[in-house]
Amino acid sequence: MKYFALFGNPVSHSISPRLHNSALCGLGINGIYGRILLEQGGDIIDKFKKYSLQGANITVPFKESVINLCDELDSIAKEIGSINTLVRIGDKIKGYNTDAPGFMMAISEFGKINKALILGAGGTAKALAYILDLSGVNVEILNRSDKSEQFNNYKFHTHTNFTPGSYDLVVNTTSAGLCNDELPCDKHLLNDIFSNSKFAFDVIYNKNTQFLRLANELNVQNKDGRDMLLYQAVLAFNIFFDNKFNQDKITQLMRGVFEL
Ligand code: NDP
């Protein structure tokens, strides 16, 4: 029997166990994926070893703190400074970030993106700015507070010093809209931004946020963060099993969970 788990606080809301158990079951693997609620991230590796886990995912608020506890990191996790996946390789534990490549898979249907505006300047914004930049996209950041020192490589704006340009893609990575119906910035400003943009993406999933509703009203093609969540899980699953399984098959099995 192989064991997997999600570490975080909270973990009860997460759909990750259902996604991974659906793939384990569908592929006939003798394994189970559970949830482990932690008070503090310093315990993650001890618990990983204690429960003899083969792999794990990490969610808020431990994605950044666990990085110093890994034996090895993949190059994307190292650059971004945040991990969401742990895997046992021999007697070592390696950390990966699959949120960023999962996002790139989710936006692939938009076609070629040359210029993107990211709303927000938290952990997700850092990950997406890095992976977009790596893919040759010109990235700008817009946040309510000044965090320009954390985004040295990008053009950084606050709401008060910003004049919108034109963008292929606008991404909401703020938590505005997650537990309320707020917009990530003033409605007039977002109107101006969308008026010169082709695509909108909200990392919040399974919710028709006001950000997405406004994009719809202005005929900006858009999608929510469900596929990003799906693909980060697909990529993590493949890392757990050293890419042994067909990615399309895992995607199909996990996608079925959303359709239940
Ligand atoms: P952080 O806490 O690191 O960053 C949150 C950002 O949102 C900050 O820049 C903050 O601004 C801004 N913000 C918060 N509230 C508001 C508001 N009311 N108006 C404007 N800006 C606001 O969060 P994360 O980056 O970790 O996560 C952000 C979102 O991404 C969450 O909703 C999370 O659920 C989602 N997510 C989705 C994933 C998926 O697979 N679909 C994967 C990972 C995350 P300031 O800096 O000024 O405080």
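**Helix 1, the ligand site and the core**

Me: What covers the buried residues of helix 1?
Reply: The cover includes strand 1 (2–8), strand 2 (31–37), strand 3 (53–58), helix 8 (226–240) and helix 9 (247–258). Helices here are DSSP runs of H or I with at least four residues, strands are runs of E with at least two, and both are numbered from the N terminus. This is a predicted model, in which local features need pLDDT of at least 70 and side-chain atom pairs count only at pLDDT 80 or more, while totals for chains, interfaces and linings use all residues. Residues are numbered from 1 along each chain as its sequence is written, and side-chain values use heavy atoms, with hydrogens and water left out.

Me: Which residues in helix 1 are buried, then?
Reply: In helix 1, residues 16–26, the buried ones are Ser-16, Pro-17, Leu-19, His-20, Ala-23 and Leu-24. Seen down the helix axis, they fall within an arc of 165°, so they line one face of helix 1; the arc is taken from the directions from the axis to the C-beta atoms. Buried means under 20% relative accessible area, exposed means over 50%, and partly exposed lies in between, with a 1.4 Å probe and protein chains only.

Me: And what follows helix 1?
Reply: Gly-28 follows helix 1, and its phi is positive, near 70°.

Me: Does anything from further along the chain meet that helix? I mean, what is Met-254 in contact with?
Reply: Leaving aside neighbours within four places in sequence, Met-254 is in contact (heavy atoms within 4.5 Å) with Leu-19, His-20, Ser-22, Ala-23, Leu-230, Ala-233, Val-234 and Phe-237. Met-254 is also among the residues with the most contacts inside the largest nonpolar core, which has 56 residues, and the others are Phe-103, Ile-141, Leu-169, Phe-201 and Phe-237. Helix 8 gives the most to this core, with ten residues. Such a core is a set of buried Ala, Val, Leu, Ile, Met, Phe, Trp, Tyr and Cys residues joined through side-chain atoms within 4.5 Å.

Me: Changing topic, which residues come nearest to the ligand?
Reply: Of the 23 residues around the ligand, Ala-121, Thr-124, Ser-145, Lys-147 and Glu-182 come nearest, where being near requires a heavy atom within 4 Å.

Me: Which ligand atom does the side chain of Glu-182 approach?
Reply: A polar side-chain atom of Glu-182 lies 2.8 Å from a nitrogen atom of the ligand, whereas a polar side-chain atom of Ser-145 lies 2.6 Å from an oxygen atom of the ligand. The protein covers 77% of the 950 Å² of accessible area that the ligand has on its own.

Me: Where does Asn-143 sit?
Reply: Asn-143 belongs to strand 8, residues 138–143, and is buried, with a relative accessible area of 8%. Its side chain reaches the backbone oxygen of Ser-145 at 3.1 Å, and a polar atom of that Asn-143 side chain lies 3.4 Å from the backbone nitrogen of Ala-121.

Me: One more: is Lys-223 buried or exposed?
Reply: Lys-223, which is in strand 12 (residues 221–223), counts as buried at 12% relative accessibility. A polar atom of the Lys-223 side chain lies 2.9 Å from the backbone oxygen of Ala-106, and Lys-223 also touches Phe-201, among other residues more than four places away in sequence.

Key:
A polar contact is a pair of N or O atoms within 3.5 Å; within protein, one must be able to donate a hydrogen and the other to accept it, and residues adjacent in sequence count only if both atoms are side-chain atoms. Accessible areas come from the Shrake-Rupley method with a 1.4 Å probe; for residues, only the protein chains shown count as cover.
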